There are 4 protein chains.
Amino acid sequence: MRDPHEVSPGQAACSLRFDSVRRRSLALAAPLSDEDCGAQSMADASPVKWHLAHTTWFFETFILETLEQDFKPFHPAFRFLFNSYYNGIGERHPRAQRGLLTRPSMAEVRAWRFDVDARIKRLLERRADDPQLCSLIELGLQHEQQHQELLLTDVQHLLSHNAMNPAYRDDAPALAAASPMALIAFQGGVSSMGFEGDTFSFDNELPRHRVFVEPFSLADRLVSNGEFAAFIDAGGYRDPALWLAEGWDVVTANKWQQPLYWRRDEAGQWHEFTLHGLQRLDPNKPVTSISLYEADAYANWRGMRLPTEAEWEHAATAAGGERLRELFGHCWQWTSSSYAPYPGYAAAPGALGEYNGKFMLNQYVLRGSSAATPAGHSRLSYRNFFPAGARWQMSGIRLAR
Amino acid sequence: MRDPHEVSPGQAACSLRFDSVRRRSLALAAPLSDEDCGAQSMADASPVKWHLAHTTWFFETFILETLEQDFKPFHPAFRFLFNSYYNGIGERHPRAQRGLLTRPSMAEVRAWRFDVDARIKRLLERRADDPQLCSLIELGLQHEQQHQELLLTDVQHLLSHNAMNPAYRDDAPALAAASPMALIAFQGGVSSMGFEGDTFSFDNELPRHRVFVEPFSLADRLVSNGEFAAFIDAGGYRDPALWLAEGWDVVTANKWQQPLYWRRDEAGQWHEFTLHGLQRLDPNKPVTSISLYEADAYANWRGMRLPTEAEWEHAATAAGGERLRELFGHCWQWTSSSYAPYPGYAAAPGALGEYNGKFMLNQYVLRGSSAATPAGHSRLSYRNFFPAGARWQMSGIRLAR
Amino acid sequence: MRDPHEVSPGQAACSLRFDSVRRRSLALAAPLSDEDCGAQSMADASPVKWHLAHTTWFFETFILETLEQDFKPFHPAFRFLFNSYYNGIGERHPRAQRGLLTRPSMAEVRAWRFDVDARIKRLLERRADDPQLCSLIELGLQHEQQHQELLLTDVQHLLSHNAMNPAYRDDAPALAAASPMALIAFQGGVSSMGFEGDTFSFDNELPRHRVFVEPFSLADRLVSNGEFAAFIDAGGYRDPALWLAEGWDVVTANKWQQPLYWRRDEAGQWHEFTLHGLQRLDPNKPVTSISLYEADAYANWRGMRLPTEAEWEHAATAAGGERLRELFGHCWQWTSSSYAPYPGYAAAPGALGEYNGKFMLNQYVLRGSSAATPAGHSRLSYRNFFPAGARWQMSGIRLAR
Amino acid sequence: MRDPHEVSPGQAACSLRFDSVRRRSLALAAPLSDEDCGAQSMADASPVKWHLAHTTWFFETFILETLEQDFKPFHPAFRFLFNSYYNGIGERHPRAQRGLLTRPSMAEVRAWRFDVDARIKRLLERRADDPQLCSLIELGLQHEQQHQELLLTDVQHLLSHNAMNPAYRDDAPALAAASPMALIAFQGGVSSMGFEGDTFSFDNELPRHRVFVEPFSLADRLVSNGEFAAFIDAGGYRDPALWLAEGWDVVTANKWQQPLYWRRDEAGQWHEFTLHGLQRLDPNKPVTSISLYEADAYANWRGMRLPTEAEWEHAATAAGGERLRELFGHCWQWTSSSYAPYPGYAAAPGALGEYNGKFMLNQYVLRGSSAATPAGHSRLSYRNFFPAGARWQMSGIRLAR
C-alpha cells in the first residue's frame with residue numbers, strides 16, 4: 001500500500017509546474033517599479049499588482065478555502081478587493097477603480113503570494129492521493145498564464161500613454177524577413193473540432209463535435225505591417241464601403257487612422273510603440289494591435305475575408321506548421337466567428353462556472369497565440385475572445401477566401 | 001413577336017402587388033394623426049412619416065433615378081432627408097433627429113408617394129420586356145414590408161411613452177387558450193440551410209449551404225406570458241447566475257424588472273401595453289418584447305437554452321407547422337446565433353450592397369415572424385436580426401435542449 | 001354699497017388683457033402645422049403645443065383649482081403632463097420627452113384653452129370684489145408672455161434643424177443702418193436697483209435695495225454682426241487666451257466656430273438662419289444667438305468687458321433711451337452677473353415659490369429685451385437669466401469698460 | 001554702496017521661506033508610499049507626485065526659464081507633463097490621465113525638486129538686488145501652499161476609495177466641545193473690500209473697492225456635525241423644496257443621502273472617513289466635505305441663508321476672531337457669491353494671467369480657511385472658489401440672515 005504522504009509522480013510534476021508558473025509572474029513584474037505596477041490605464045486593463053493579487057486570490061478562494069483545514073484568509077478584505085467578476089463569491093471592488101488600490105502595497109501582495117504558495121505546497125503534500133487537487137491547481141495555473149499575457153498587454157497600454165515612450169524591455173527587437181503570401185486550399189467536409197486528449201483544456205473548447213466546412217482557402221502567413229500600411233495609404237480608413245457599419249461608426253467617432261500603436265513622425269515615417277519602446281515599424285512583421293473592425297476592412301479591401309474558427313482549426317489540424325506559418329507565437333488571429341458555446345457545452349456548477357459561459361455574447365474568437373502568450377499555453381483548439389473593438393491585444397490578420 | 005408594350009403576366013402581377021403593398025403602408029398610418037406620424041420616440045425608432053417617405057425614397061433612388069428618362073427627383077432635398085444608411089448615396093440627415101422633420105408635411109409625403117407610384121407604373125408599361133425591373137420593384141416592396149412591421153413596433157413604442165396609454169387599434173385582442181409545451185427531438189446530421197427556390201429572398205439567406213447539426217430537441221410552442229411571470233416571481237431578474245455578463249450589466253444599469261411593456265398595477269396584477277392600449281396580461285399568449293438577454297436568462301432558469309438558427313431552420317423544415325406550433329405570426333424567436341454571412345455570401349455591388357452585409361456584427365438572428373409581419377412576408381429561411389438588447393420588437397422565446 | 005357682481009374698472013382691464021394675451025399665443029402658433037407644433041428639438045426647448053398647454057395648466061392649477069367651486073380638471077392627466085418643474089404639484093412628464101406627447105392633439109389643447117379661458121372669465125365675474133384674483137391672473141399672463149418668447153426661439157431652433165431651411169414668417173426682414181459706437185461714462189456711487197412702483201414685477205426684481213457702483217462706461221449700442229464677423233476673421237474662436245476656461249472647453253468640445261445660426265456659403269458669404277428663413281447676414285444688425293462665453297471672449301478681444309447688472313440698470317435708469325440705444329426690442333444683453341437673490345429676497349410660500357428662487361445658481365443675468373419679447377413685457381428692472389452656454393435665445397452684447 | 005552679491009534682509013527671509021515651504025511639501029508626502037503618490041482618484045484630483053512635480057514646474061517655467069543664464073530644463077518632457085492649465089505654455093498631458101504617469105518616478109521627481117531648489121537658491125544669490133525675483137518666488141510659494149492643501153484633500157479622496165479605510169495619519173483626532181450658536185448683527189453700509197497692505201495677495205483679491213452692504217446677521221460659529229445630522233434625520237435629503245433646482249438634480253442622480261465621507265454602520269451610528277482613517281463622527285465638530293448645494297439646503301431648512309462674500313469680509317473685518325469663532329483653520333465657508341472679478345480687476349499679461357481670471361464663471365467663493373490650509377496662508381480677503389457640486393474639499397457652513 002502506498003504511503004498517502006508519499007508524493008506521486010503526477011504531484012511532483014504539478015508541484016514543479018506550480019513553482020515555475022508562479023515564479024514567472026513575479027519575473028514579468030521585475031522590470032517595473034511599484035508605481036508602474038499600481039496604475040490602470042483604462043477600465044479594460046488592470047494594474048500589474050492586481051494581476052499578481054487576483055491570480056493569488058484564485059488559488060486561495062477556489063482551492064485553499066475548500067480544502068485547507070482551519071482555513072483563514074491571508075487578509076479578509078482581499079477576497080473583496082481581488083475578485084474579478086465572480087458574482088457567486090459576493091461583492092467586488094469596482095473594475096474601473098483598480099488603479100486606486102494603493103493599499104495593499106506591492107510588498108504586501110508579494111507576501112500574500114509567498115504565503116499562498118507555501119500553503120498550496122503543503123496541501124499538495126498532505127493530499128498526495130487527491131487527483132482532483134492537481135486538476136484544480138492546473139486550472140489556477142492556466143488562469144495565471146492567461147493573466148501573464150494580459151499583464152504584458154496592459155503594461156504596453158499603460159506605458160503608451162506616457163509622452164516619454166518608456167520601454168518595458170531594453171533589448172532590441174529582432175527584424176523579420178520578407179516572405180510572399182500564398183493561399184492554401186482545403187476541401188472541407190464533415191470535420192471534428194474542439195479539444196481532444198487527456199491533458200488540460202478550458203471548458204469552452206469542449207465538447208468535441210462535428211461541423212460541416214465548405215471548401216475554402218487560407219493564407220499561409222499573417223498580414224504584414226507593410227501590407228497594412230499600403231491599406232492606409234490607399235485611404236482604407238476613409239472609405240465606408242470597406243467597413244462593417246459598427247466599425248465605421250467607431251472609426252469616425254474616435255478618428256482612427258492607423259493601428260493603436262502606430263505613430264507617424266514628421267517625416268512621414270511609421271513607428272510603433274512596443275514593449276521595447278518606440279521602434280521604427282518593421283514592414284515584414286505581422287501587423288498587430290488592431291480591432292476586428294480593422295481586420296475585416298483590410299480583408300475586404302483585399303477582396304478576401306476572415307476565416308471562421310472552424311476553418312482555422314480544420315486547416316491548422318490538417319496542414320499544421322508545415323504549410324501554415326505563424327500559427328502560434330506572433331499574434332492572435334481574428335476570426336469571423338462570434339464566441340458561442342459548442343453544442344452540448346455545459347458550464348461547471350458554482351462560481352467556477354462563471355469562468356467562460358457568461359461571456360459568450362458580442363465577442364469574437366481569436367485563434368493561435370501571440371508573442372506574449374506563455375510557452376506551453378497554446379493549443380489548436382484554444383479559443384481566445386475579445387469584443388470587436390478591442391485593440392490593445394496582440395491581434396492580427398490571417399486572410400481566407 | 002410580342003409587342004414590347006404589351007404587359008406580360010409577370011408584370012401584371014408585379015403591378016397589382018405594387019399597388020397592394022404601397023396602399024397597405026398608407027392604411028397602417030390611417031388611424032394616426034399627423035402629429036402621431038411625426039414623432040420619434042428613440043434613435044432606434046423612426047416616425048411613421050419617415051417610414052412612408054424612406055420607402056418611397058428607395059423606389060425613387062434605386063429604380064427611377066436609374067431607369068427613368070429625364071429623371072428629376074420630386075424634391076432634391078428628400079434624397080438627403082430620407083436616406084437611412086446608404087453611404088454610397090451621400091450624406092444623410094442624423095438618425096436621432098428624424099422627429100424634427102416637421103417639413104415636409106404628411107400631406108407632402110403622401111403627394112410624393114402618389115407621384116412615385118404613378119412614375120413606377122408608367123415605367124412598368126414602358127419597359128414591359130425588362131425582367132430586371134420587376135426584380136428591383138420586388139426588392140423595394142419587400143423592403144417596404146419590413147418597414148411596415150417597424151412602423152407598427154415604432155408606433156407601439158411611441159404611444160407607450162404617453163401616460164394616457166393611447167390605443168392604436170380600438171378592437172379588443174383575442175384571448176389565447178392554454179396548451180402544454182412538449183419537446184420534439186431531432187436527429188440532426190448534415191443538413192442544408194438557406195433559401196431554395198426561384199421566388200424572392202434577401203441576399204442574406206444565400207447561398208444555400210451545408211451545416212452539421214448535432215441531435216437536439218425543440219419546444220413545440222413559444223414560452224407564454226404566464227410562464228415568464230413565474231420566472232419574475234422566482235426572482236429571475238435578481239439572480240446574476242442566470243444571465244450573460246453583458247445582460248446582467250444592462251439589467252442592473254437600467255433596473256429592468258420585467259418585459260418592456262409589462263406594468264404591474266397597485267393590486268399586483270400584470271398588464272401589458274399593446275397596440276390595443278393597456279390590456280390585462282393574457283397568461284396564455286407568447287411572451288414578447290423581450291431582449292435576447294431575457295430570453296437567454298429564462299432558458300437558463302428552465303435548464304434549457306435557445307436554439308441556433310441552423311437548428312431552428314432544420315426543425316422547421318422537417319416538422320413544419322404540424323408539430324411545431326407558433327412558428328410564424330406570433331412573435332420572432334431569438335436564436336443564439338450571431339448574424340453572420342453564409343459561406344460564399346457576396347454583397348451586391350454598389351449602394352444596394354449595403355442592404356445587409358455591413359450589419360453582420362454584434363447582432364443576433366431571430367427566426368419565424370410576428371403578429372406585425374405582413375402577410376406573405378414570412379419564410380423558413382428568413383433571417384431577422386437585432387442587437388441583443390433590443391426590446392421593442394415583437395420578440396419571444398422558443399426553448400431548445 | 002357696491003354690487004359684488006358689478007365689474008370693477010380694474011377687473012374690466014384685467015379681463016381685456018386676459019383675452020388679448022391668451023389670443024396672442026394662438027396667433028403665434030397660427031403659421032405652424034400641427035406637426036410643427038408637436039416637435040421638440042432639444043431638452044431645453046419645448047414643443048409649441050406644450051407651451052400652449054403649460055400656460056393653460058398654470059391658470060387651471062394655480063387659479064381655478066383654488067378658487068373655482070366644484071373644481072374639476074379638464075382632463076386629470078394634463079396636470080401631470082404639463083407641469084414644468086413644480087415639485088410641489090407632484091410628478092411630471094420627463095422634460096426631454098415632451099415631443100412624444102402626440103396626444104392630446106393640438107385640437108384638444110385648443111379646446112382646453114377655450115374651456116379654461118371661459119372659466120377664468122366666469123370667475124372674474126363672480127369674484128368682482130377680489131383684488132387677489134386679478135393679481136394672480138396677471139402673474140399667469142406675465143408667465144404666458146415669457147412662454148410666448150420661448151415659443152418663438154424654440155420654433156427657430158426646431159426649424160434650423162431642417163436642411164430645407166423653412167421660414168416661420170414670409171415677410172422680408174428690415175435692413176439696419178450703420179452707426180458708430182460710443183462709450184458713455186457714468187460716475188456711479190450708491191445707487192438703488194430693483195423694481196419700484198405698484199404695477200407688476202416678478203419677485204426676483206425685489207426688494208429694491210442699494211448697491212455701490214464704481215465709475216464705469218457703457219456702449220451706447222449693441223455689438224453688430226459686422227463687428228462680430230471681424231472677431232471671427234481675426235481667429236477669435238481659435239485663441240484660448242480670449243476665453244473663460246469653461247468656455248474654451250465648450251468651444252473645443254463642440255467645435256464652435258461662429259454664432260449658432262450663422263452659416264457660411266461656399267463663396268464665403270455669411271448667412272443667418274432666422275424666423276424669416278435663411279437670410280444674408282445684415283452687418284449692421286446686433287449680433288444675436290450667442291452664449292455668454294462668446295460675448296465675454298468678444299469683449300476681451302476688444303479690450304473691454306461685459307457690464308454687471310447693477311451697472312446696466314444704473315445706466316439705463318440715468319441715461320435711458322436717449323443716450324443708450326437698443327436697450328429694448330433687439331436682443332437680450334448678457335451681463336457678467338450671476339443670477340442671485342437680491343438682499344432680503346423671499347420666495348413666495350407653496351408651489352408658486354418655485355417660480356424663480358430655486359434657479360439662482362450657475363445662471364447669468366441678461367438685461368433689456370429682444371425682438372421676440374411681447375410688447376409691454378420689458379422693464380428696466382427685468383432680470384432674464386440663462387446658463388452661460390445657452391445660445392438659442394436672442395442674446396447679444398453691450399460692451400462696458 | 002551695497003555689494004550686489006550681498007544678500008539683502010528681504011532676500012534672506014525669502015530664501016528661508018523658500019526652504020521651509022518646499023520642505024513641507026515633501027514632508028506631507030512622507031507618510032505615503034510611492035504607489036500612494038502615483039494614483040489619481042478622479043479627474044478633479046491629482047496624484048501627490050503630480051503636485052510635487054507641478055509646483056516645481058512652476059518655478060522652472062516662470063522663474064528659471066526667464067532669469068537663469070543658459071537655461072536648460074531638467075527634462076524637456078516635464079514641461080509638457082506637468083503643465084496644469086496654462087494654454088500660453090503649450091500642450092498639456094490630459095488632466096484625467098495624471099495617474100498614468102508612472103514615469104518619471106517619485107525618485108526622479110524628488111531629484112528634480114532638489115535641482116530646481118538649488119538653482120533658485122543660486123539665482124537668489126546672483127540677483128541679490130532684484131526685488132522682482134522675491135515677488136515671483138513668493139507667488140510660486142503661495143501657489144505651492146495651495147497645492148499642499150489640495151494634496152491633503154486629494155489623498156483623503158484617494159484613500160476613501162479603499163475598502164480597508166487606510167489612515168494617512170496615525171494620531172487620534174482631538175474631540176471638540178459643544179457650544180451654542182449665536183447670530184451677530186451688522187449694520188452694513190458702504191464698506192471696502194479686497195486686499196489692503198503691502199504683503200502678498202493673489203490678484204483676485206484686488207483692487208480694493210467699495211460695496212454697499214445691507215444690514216445682516218452672521219452666525220458666530222460653523223454648523224456642527226450634530227446639527228447637520230438632525231437635517232438628515234428630518235428628511236433633508238428627500239425634500240425638493242429645500243434645494244436649488246440644480247442641486248436637487250444632482251442629489252437624485254447621484255443618490256446623495258449624506259456628506260461625502262459620512263458612513264452609517266449597521267447599528268445606525270455615523271462615522272466619518274478622515275485623514276485619521278474611519279472615525280466615529282464627532283457631533284461638535286464643524287460639518288465638512290459638503291457641496292454648496294447641501295450648504296444652501298441646510299440653511300433653507302434652518303430658515304436662514306448663506307452669507308455673501310461681501311458680508312463675510314465685512315463681518316470678519318469688523319468683528320474678527322473675538323466674536324466670530326472658527327473663521328480660520330476649521331473649514332472653508334461657502335458663500336452665495338459667484339466667483340467674479342472685482343471692479344477694475346485686470347489679469348496679469350502672459351501665461352501667468354491665466355492663474356485666476358479665466359476661472360471666474362460657474363464657481364462659488366469660499367472664505368476663511370481649513371484645517372488643511374498651511375499656516376500663514378489665510379487672509380481676511382482670501383478668495384477660494386469651487387464649483388457648487390465640489391465635495392472633496394474641507395468645506396462647511398456659516399449661517400447668515
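How many residue pairs are in polar contact between chain D and chain A? There are 10 such pairs, both residues being at pLDDT 80 or more; a polar contact here is a pair of N or O atoms within 3.5 Å, where within protein one must be able to donate a hydrogen and the other to accept it, and residues adjacent in sequence count only if both atoms are side-chain atoms. Welcome to a predicted model, in which local features need pLDDT of at least 70 and side-chain atom pairs count only at pLDDT 80 or more, while totals for chains, interfaces and linings use all residues. Residues are numbered from 1 along each chain as its sequence is written, chains are lettered from A and ligands numbered from 1 in the order in which they are written, and side-chain values use heavy atoms, with hydrogens and water left out.

**Where chain D meets chain A**

- On chain D, 31 residues are in contact with 31 residues of chain A, contact meaning heavy atoms within 4.5 Å.
- Together the two chains bury about 2300 Å², and 58% of this lies on carbon and sulfur atoms; buried area is the accessible area (1.4 Å probe) that two parts lose on being put together, summed over both.
- Of the area that chain D buries against chain A, 33% is supplied by Glu35(D), Leu100(D) and Arg103(D), more than by any other three residues.
- Chain D and chain A have 4 salt bridges between them, a salt bridge being a side-chain nitrogen of Lys or Arg within 4 Å of a carboxyl oxygen of Asp or Glu.
- Lys49(D) forms a salt bridge with Glu35(A), and their closest N and O atoms are 2.5 Å apart.
- Helix H2 (34-38), helix H4 (76-81) and helix H6 (131-159) of chain D each supply at least two residues of the side that touches chain A; helices (H or I, at least four residues) and strands (E, at least two) are DSSP runs, numbered from the N terminus.
- H4(D) gives the largest share of that side, with 4 residues.
- By class, the side of chain D that touches chain A holds 16 nonpolar, 10 polar and 5 charged residues. Ala, Val, Leu, Ile, Met, Phe, Trp, Tyr, Cys and Pro count as nonpolar, Asp, Glu, Lys and Arg as charged, and the others, Gly among them, as polar.

**How chains D and A are related**

- A turn of 180° and a shift of 0.0 Å along the axis lay chain D on chain A with an RMSD of 0.0 Å. The two copies are thus related as by a two-fold rotation axis.
- Glu35(D) has the C-alpha nearest the axis in chain D, 2.4 Å from it.
- Copies are superposed by least squares on the C-alpha atoms of residues with pLDDT of at least 70 in both.
- The copies meet through the same surface, because 100% of the interface residues of chain D are also interface residues in chain A.

**Where chain A meets chain B**

- Here 25 residues of chain A are in contact with 25 residues of chain B.
- The area buried between chain A and chain B is about 2200 Å², with carbon and sulfur atoms giving 58%.
- Phe212(A), Leu361(A) and Asn362(A) lose the most area to chain B within chain A, together 27% of what that side buries.
- This pair of chains has 2 salt bridges; Arg210(B) and Glu214(A) meet in a salt bridge through their side chains (2.9 Å, N to O).
- Between chain A and chain B, 9 residue pairs are in polar contact, both at pLDDT 80 or more.
- Strand E3 (209-213), helix H8 (245-254) and helix H9 (292-301) of chain A each supply at least two residues of the side that touches chain B, and E3(A) gives the most, with 4 residues.
- That side of chain A divides into 16 nonpolar, 5 polar and 4 charged residues.
- Chain A can be laid on chain B by a turn of 180° and a shift of 0.1 Å along the axis, with an RMSD of 0.0 Å. Both copies use the same surface, as 100% of the contact residues of chain A recur in chain B.

**Inside chain A**

- An open sheet of 4 strands in chain A has the order E10-E9-E8-E11, with mixed pairing; two strands pair if DSSP finds at least two bridges between them.
- Asp19(A) and Lys121(A) meet in a salt bridge through their side chains (2.9 Å, N to O). This pair links distant parts of the chain, helix H1 (residues 9-29) and helix H5 (residues 106-126), 102 residues apart.
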